[in-house]
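Please open the structure in your viewer and keep the sequence beside it. The tour below proceeds one selection at a time.

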Amino acid sequence: VDVPRGISLQNGAVPGEQGKQDKTVKRGNWGNQIEFVLTSVGYAVGLGNVWRFPYLCYRNGGGAFMFPYFIMLVFCGIPLFFMELSFGQFASQGCLGVWRVSPMFKGVGYGMMVVSTYIGIYYNVVICIAFYYFFVSMTHVLPWTYCSNLWNTADCVGVLDRNLSGHAAHKLAHLLNTTQKRTSPSEEYWRYWGWGWWLGKQWWWGPTDSSWPPPCRNYVLQLSDDIGNLGEVRLPLLGCLGVSWVIVFLCLIKGVKSSGKVVYFTATFPYVVLTILFVRGITLEGALTGIMYYLTPQWDKILNAKVWGDAASQIFYSLGCAWGGLITMASYNKFHNNCYRDSIIISITNCATSVYAGFVIFSILGFMANHLGVDVSKVADHGPGLAFVAYPEALTLLPISPL
């Protein structure tokens with residue numbers, strides 16, 4: 001067939017159909033397929049793998065939760081993941097323009113955009129707190145290592161307290177007999193709010209509306225005591241939030257040309273950190289107890305519909321289906337890219353990372369439980385509490401913890 005000059009058959013064009021020209025040349029493509037895979041892995045693998053999956057796993061039957069989890073991956077996660085990649089790659093449009101295929105569903109695209117906007121704002125706040133911890137970690141001793149700081153209360157017991165055999169041990173026993181809950185220095189550093197001053201040999205905690213003494217400043221959130229009391233702007237966190245937005249801008253300033261290069265670091269370095277924590281975690285006393293608590297199956301929970309619901313929601317949350325991001329990233333693929341292969345690789349990598357992160361977390365939680373003489377469930381946490389309480393406390397156990 002004689003093809004007129006200027007007409008490309010790369011996108012399945014038919015001679016004489018001008019509308020089938022390769023528009024991806026104008027929009028741009030990924031530099032190579034590795035960039036797309038790494039970007040998609042970085043998009044799918046995130047906080048949900050680290051602070052949500054391990055908690056859901058031990059809460060919903062341990063190793064038995066893997067069964068509904070992988071069933072949902074095979075029958076829900078991978079098909080939807082493959083569909084979104086195919087959709088974006090075929091149309092070479094983002095989550096808004098792709099719905100020209102059926103204008104009646106254009107509202108779905110706007111819904112995806114709204115959800116992605118909310119998630120982007122939310123995640124950047126989490127990133128700004130991570131930057132804050134990065135900056136305050138540039139010290140000889142991490143500020144949340146011991147309970148001897150201005151913001152610590154009488155309930156504080158650290159895993160590295162050197163005098164645990166004396167006063168701290170008595171205090172810990174008292175806490176376990178009364179409240180069954182100790183307060184770690186990392187938790188008080190993360191959550192603490194209020195006033196404090198030194199009276200004799202102990203801290204006294206007064207009302208938040210006192211004019212004296214000045215409030216403690218070495219804490220992160222500076223939580224107010226009531227939802228009606230908004231508190232004040234935390235200037236250090238505001239500055240870190242500005243830094244996080246600037247970095248996002250620099251990563252996206254040239255579209256896929258710049259973001260495709262950034263992911264070589266951002267998608268791989270978390271695995272380096274997880275591996276370091278895993279190697280350290282399994283060498284700690286009590287790590288095996290935590291891992292067994294994480295994996296021991298409770299088969300009777302499989303009959304509970306809530307377990308299957310948690311498995312499905314975790315697959316959707318972790319893979320990022322229906323948020324529009326997958327469609328947009330796939331739209332920069334070349335038309336004949338094997339997106340089926342990519343969807344299998346990315347989905348399995350994502351779920352394997354979740355399982356791996358569980359080993360990392362519960363090996364450390366097992367050590368903490370063994371050190372404090374409590375059950376693993378007493379120190380297990382999820383959500384931001386895991387990322388900014390349990391993890392920072394675990395880092396104090398490393399030889400060069402500030403690094």
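Of the 403 residues of the chain, 44% count as buried. The model under examination is predicted. Begin with the whole chain shown as a surface: about 21000 Å² is exposed, and carbon and sulfur atoms supply 67% of this area.

Next, change to a cartoon view, in which 16 helices and two strands can be found. Consider also the contacts in the chain between residues with a separation of 6 or more: residues 24 or more positions apart account for 76% of them.

**First selection: helix α12**

Select residues 305–319, which form helix α12. How far apart are the end C-alpha atoms of α12? They lie 21 Å apart, and this agrees with the 21 Å that the 15 residues of α12 should span at 1.5 Å a residue.

Now show the side chains of the helix. Which residues of α12 are buried? They are Val 307, Asp 310, Ala 311, Ala 312, Gln 314, Ile 315, Ser 318 and Leu 319. The buried residues of α12 pack against several helices, namely α2 (33–44), α3, α4, α13 and α14 (339–372).

**Second selection: helix α3 beside α12**

Keep α12 visible and add residues 47–59, which form helix α3. The axes of the two helices come within 11 Å and cross at roughly 170°. An angle over 145 degrees counts as roughly antiparallel, and α3 and α12 are therefore roughly antiparallel to each other.

To view the contact itself, display Gly 48, Asn 49, Trp 51, Arg 52, Phe 53, Leu 56 and Arg 59 on the α3 side. On the α12 side, display Lys 306, Asp 310, Ser 313, Gln 314, Tyr 317 and Ser 318. Coloured by class, the contact of α3 with α12 shows four nonpolar, five polar and four charged residues. Asp 310, Gln 314 and Ser 318 belong to this contact and are also among the buried residues of α12.

**Third selection: two loop residues**

Move to Ser 92, in the loop between α4 (66–91) and α5 (106–136). Phi of Ser 92 is near 55°, a positive value in a residue other than glycine. Is Ser 92 buried or exposed? Ser 92 is buried, with a relative accessible area of 6%.

Finally, select Ala 322, in the loop between α12 and α13 (325–330). Ala 322, a residue other than glycine, likewise has a positive phi, near 70°. Its relative accessible area is 42%, and Ala 322 is partly exposed.

Conventions. Residues are numbered from 1 along each chain as its sequence is written. This is a predicted model: local features need pLDDT of at least 70, side-chain atom pairs count only at pLDDT 80 or more; totals for chains, interfaces and linings use all residues. Side-chain values use heavy atoms; hydrogens and water are left out. Axes are lines fitted to C-alpha atoms, for helices over the stretch in contact, and angles run from 0 to 180 degrees between N-to-C directions. Helices (H or I, at least four residues) and strands (E, at least two) are DSSP runs, numbered from the N terminus. Angles under 35 degrees count as roughly parallel, over 145 as roughly antiparallel, 65 to 115 as roughly perpendicular and the rest as oblique. Contact means heavy atoms within 4.5 Å. Ala, Val, Leu, Ile, Met, Phe, Trp, Tyr, Cys and Pro count as nonpolar, Asp, Glu, Lys and Arg as charged, and the others, Gly among them, as polar. Buried means under 20% relative accessible area, exposed over 50%, partly exposed in between (1.4 Å probe, protein chains only). Accessible areas come from the Shrake-Rupley method with a 1.4 Å probe; for residues, only the protein chains shown count as cover. The expected span of a helix is 1.5 Å times one less than its number of residues.
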